[in-house]
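Trainee: Shall we go through the labels one by one? I want the reasoning behind each.
Mentor: Good. Here is the model.

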Amino acid sequence: MGLELKMIFDFENKTLQVKIVYYGPAMSGKTTSVRFLFSCFNKENSLKSIESTVGRTLFFDFGVLNFKGTKWNLKFLVYSATGQDFYASTRPATLNGVDGLIFVVDSQKECLEHNLRSWNELETLFGREIYKIPVVISLNKSDLNETNRLQETDFLSRIEYIKFNQISLKKTAAIKGEGVLDSFSQLIKFIFPQLIINLEVSK
Ligand SMILES: Nc1nc2c(ncn2[C@@H]2O[C@H](COP(=O)(O)OP(=O)(O)OP(=O)(O)O)[C@@H](O)[C@H]2O)c(=O)[nH]1
Ligand SMILES: [Mg+2]
């Protein structure tokens, strides 16, 4: 609650600014997903990560992807929130003004409750506004052995996804890049249903 939802139109530069946040429990693969996404556009070096010496996200990862349209340009501000509860106080700032969320689930069986706790935190932070935000659930680590993995229904049966206007689930293996671009384009389609997506990057 109290978090702002707004999209920024820059009329002067004919640019639409969109904020996307990768959210989810600690170690689910948010940073890995964002890194892969940026590597698809040769932008990996432009990513800013504020992390500890052991590679855990302290505050967020942040980067910008620009796409050229015929009339308008799109500027995606991409963030990954920290999943560590020690830094939980930084998460509302990362989420402020978000236009679309990719919720990265750690699909290891023993992580179910962690995933749910992180999911429920979104409702606590946004209140009922959360249902208006487009969400793609990335059921990550799908490369792991099936017997140790959560299936779609294990997670979906525990959340009220029916309340969301726009929600979708994709299996991903961020470590191999599988499903990462697909999840991102699904989210863009939710935000801009009319857009014909041709993921070519402008400088
Ligand atoms: N097997 C497997 N491991 C993964 C996958 N994605 C990420 N990992 C591993 O999971 C660990 C955590 O990945 P990160 O991307 O740092 O996770 P995070 O969600 O950013 O973690 P925090 O920033 O601490 O919240 C790393 O060791 C990754 O290599 C995946 O798809 N499959
Ligand atoms: Mg991280």
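## Reasoning from values to labels

Mentor: Start with Cys 111, which is buried, with 21 other C-beta atoms within 10 Å. Keep in mind that this is a predicted model.

Trainee: What makes Cys 111 buried rather than exposed?
Mentor: The cut-off for buried is 20 or more other C-beta atoms within 10 Å. Cys 111 has 21, so it counts as buried.

Trainee: Where does Cys 111 lie, and which residues does it touch?
Mentor: Cys 111 sits in the loop between β6 and α3. Leaving aside residues up to four places away in sequence, it touches Pro 25 and Asp 106. Its C-alpha is also 8.9 Å from that of Ser 28, although 83 residues separate the two along the chain.

Trainee: How is Leu 58 classed, buried or partly exposed?
Mentor: Leu 58 has 13 C-beta neighbours inside 10 Å. Exposed needs 12 or fewer, and buried needs 20 or more. Leu 58 falls in between, so it is partly exposed. It belongs to strand β4, residues 57-68. Thr 90 is 32 residues away in sequence and 8.8 Å away in space, C-alpha to C-alpha.

Trainee: Why is β6 called largely enclosed?
Mentor: Count its residues. In β6, residues 100-106, 7 of the 7 are buried, so the rest of the structure largely encloses the strand.

Trainee: How do you know that both faces of β6 are covered?
Mentor: In a regular strand, side chains alternate between the two faces of the sheet. On one side of β6 are Gly 100, Ile 102, Val 104 and Asp 106, and on the other Leu 101, Phe 103 and Val 105. All of these are buried, on both sides.

Trainee: What makes β2 and β7 pairing partners of β6?
Mentor: Pairing needs at least two bridges. β2, residues 15-23, is joined to β6 by 4 bridges, and the two run parallel. Ile 20 has Gly 100 as its bridge partner in β6. With β7, residues 135-140, β6 forms 6 bridges, also in the parallel sense. There, Val 105 is partnered by Leu 139. From β6 the chain passes through helix α3, residues 112-126, to reach β7, in a right-handed β-α-β crossover.

Trainee: Why are α1 and α5 called roughly perpendicular?
Mentor: Two packed helices are described by the angle between their axes and the distance between the axes. For α1 and α5 the angle is about 85 degrees, and the axes are 9 Å apart. The range for roughly perpendicular is 65 to 115 degrees. The angle falls inside it, so α1 and α5 are roughly perpendicular. Ser 33, Phe 36, Leu 37 and Cys 40 of α1 make the contact with Val 180, Leu 181 and Phe 184 of α5.

Trainee: How do you know that the span of α5 is close to the expected value?
Mentor: Set one number against the other. α5, residues 180-191, has 12 residues and reaches 17 Å from first C-alpha to last. At 1.5 Å a residue, 16 Å is expected, and the two values are close.

Trainee: Which residues of α5 are buried, and what do they pack against?
Mentor: The buried ones are Val 180, Ser 183, Phe 184, Gln 186, Leu 187 and Ile 188. They pack against β2, α1, β6, β7 and β8.

Key: Residues are numbered from 1 along each chain as its sequence is written. Chains are lettered from A and ligands numbered from 1 in the order in which they are written. This is a predicted model: local features need pLDDT of at least 70, side-chain atom pairs count only at pLDDT 80 or more; totals for chains, interfaces and linings use all residues. A crossover is right-handed if, with the strands pointing away from the viewer, the path from the first strand over the helix to the second runs clockwise. Two residues are in contact if their C-beta atoms, placed from the backbone, lie within 7 Å. The expected span of a helix is 1.5 Å times one less than its number of residues. Axes are lines fitted to C-alpha atoms, for helices over the stretch in contact, and angles run from 0 to 180 degrees between N-to-C directions. Angles under 35 degrees count as roughly parallel, over 145 as roughly antiparallel, 65 to 115 as roughly perpendicular and the rest as oblique.
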